[in-house]
Amino acid sequence: MSTKKVYIRSFGCQMNEYDADKMADVMRAAEGYEPTSDPEQADLILFNTCSIREKAQEKVFSDLGRVKHLKSKGVLIGVGGCVASQEGAAIIERAPYVDVVFGPQTLHRLPELLQRRRDAARPQVDISFPEIEKFDHLPPAQVKGASAFVSIMEGCSKYCAYCVVPYTRGEEIHRPFDDVLVEVAGLADQGVKEVTLLGQNVNAYRGRMGDTAEIADFALLLEYVHEIPGIERIRYTTSHPNEFTQRLVDAYGRLPKLVNHLHLPVQHGSDRILMAMKRGYTTLEYKSTIRKLRAVRPDISLSTDFIVGYPGETEDDHARSLKLIEDIGYDASFSFVFSPRPGTPAANLHDDTPAERKLARLQQLQALLEGNVQRISASRVGTVQTILVEGPSRKDAAELMGRTECNRIVNFDGGPHSARLVGQLIDVSITEARPHSLRAEVHLPEAASTLAAQPTPA
């Protein structure tokens, strides 16, 4: 009997990447499905959707249209993620060939939903928000490399005026402290060296500790993860400036495994726009957090998010974003023109700024950010960087790629024993700065010699 195949296409944030992996784990454990990269070979097709960008719903239906013909072969089709949560049964009404619709909090129910679809001979929809149940029903992860994501909380309770997350993923739900540590320890036992802790508002984490009434904050969780044998690097995303406590700042002074990189979305440089967005902080407060952080990690790499063209944004407001970029010196950024999301307060705001003006502002902001990126990359030429080798380079399979602490991709020639370097932390000398990556040479030849002397893994 041939193995059943599942094709999963995921869009959006790292939370969705994590959820897509969990969908694969769930279907493998329940019904023996194995992943495939070819929808034509699949028995089950799942679209894990994101509703952050404009026209996200139309993108879903476009993707569905491209696989509709496979229904004649008996292929099952499911839609999950934030668009599924937002649209619910409306997806079935418009695309009646879809078999199941499920939200981010109900992906663990996929086998049950598919069985109900077979039994009842009609599509099934479950976009509810069951608390924490999802994590209690997920099978152990199958590790694919030396890095892994670990979701520590779901949802967000900030209700920023432009953001759809509280409506599609629900309010904040925090995983128990011990559960997170057990998962990380299990990953370390399988050879994972780097974990990325995930949450829509990850530094707001407040997890119950065992059977006690004590609650662990994010800084305490980082301290405990830091002590797990085998874990060499700790990342996290996405954080909120209002939750960046002094205890979290202090953690950067105490925890060397906490990488020298932080993604801290600011969204805008104008206090007037930040207030309209309901972000809850000023640029002065944001810059104060950065100053405190740089006091304990002077060379920390910073990335952020910017929204351009928010309703009511003036040229002066835009200029303040440009000034903030110059003041902070970001190493990278995600920046987008404002996209009204259905159901959010900002979707109803009057907006009379022409689209071409918004685009021009975005291009100006991105050019300034890109100048920072190129300058900072160039400053790393001639330095020694520790990278975690992830595998073959995406542009040249004969080479290897890894990632620095500051999240820069590094491509290099691993030599005759390159296969043994995968999954290892090694030192490399940066030789060249390219537009969005670095080139390097292996810094310590004796490291490769030592690896060469080791037996090849079974």
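## Thr 289 and its surroundings

Setting aside residues up to four places away in sequence, Thr 289 makes contact with Phe 244 and Leu 264. This description rests on a predicted model, in which Thr 289 belongs to helix H12, the run covering residues 283-296. Because its relative accessible area is 12%, and buried means under 20%, Thr 289 is classed as buried.

## Asp 211, an exposed loop residue

Asp 211 sits in the loop that runs between strand S11 (206-208) and strand S12 (215-217). Is Asp 211 buried or exposed? Its relative accessibility is 83%, and since the cut-off for exposed is over 50%, Asp 211 counts as exposed. Measuring from C-alpha to C-alpha in the model's coordinates, Asp 211 and Leu 274 are 40 Å apart in space, while 63 residues separate them in sequence.

## Salt bridges: a pair between two helices

The count of salt bridges in the model comes to 33. One of these pairs is formed by the side chains of Glu 31 and Arg 118, with a distance of 3.2 Å from N to O. Since Glu 31 lies in helix H1 (residues 14-31) and Arg 118 in helix H5 (residues 110-120), this salt bridge ties together parts of the chain that are 87 residues apart in sequence.

Glu 31 has a relative accessibility of 21% and therefore counts as partly exposed, and Arg 118, at 36%, is likewise assigned to the partly exposed class.

## Salt bridges between buried residues

A salt bridge also joins the side chains of Arg 109 and Asp 126, with an N to O distance of 2.6 Å. It links distant parts of the chain, 17 residues apart, with Arg 109 in the loop between strand S5 (100-102) and H5, and Asp 126 in strand S6 (residues 124-126). Arg 109 and Asp 126 are both buried.

Which elements does the salt bridge between Glu 194 and Arg 235 tie together? The side chains of these two residues meet at 3.2 Å, N to O, and because Glu 194 lies in strand S10 (residues 194-198) while Arg 235 lies in strand S13 (residues 233-237), the pair connects parts that are 41 residues apart in sequence. Glu 194 is buried, as is Arg 235.

## A network with shared partners

Beyond these individual pairs, Arg 9, Lys 59, Asp 63 and Arg 66 are joined into one network by salt bridges that share partners.

Key. Residues are numbered from 1 along each chain as its sequence is written. This is a predicted model: local features need pLDDT of at least 70, side-chain atom pairs count only at pLDDT 80 or more; totals for chains, interfaces and linings use all residues. Side-chain values use heavy atoms; hydrogens and water are left out. Helices (H or I, at least four residues) and strands (E, at least two) are DSSP runs, numbered from the N terminus. Buried means under 20% relative accessible area, exposed over 50%, partly exposed in between (1.4 Å probe, protein chains only). Contact means heavy atoms within 4.5 Å. A salt bridge is a side-chain nitrogen of Lys or Arg within 4 Å of a carboxyl oxygen of Asp or Glu.
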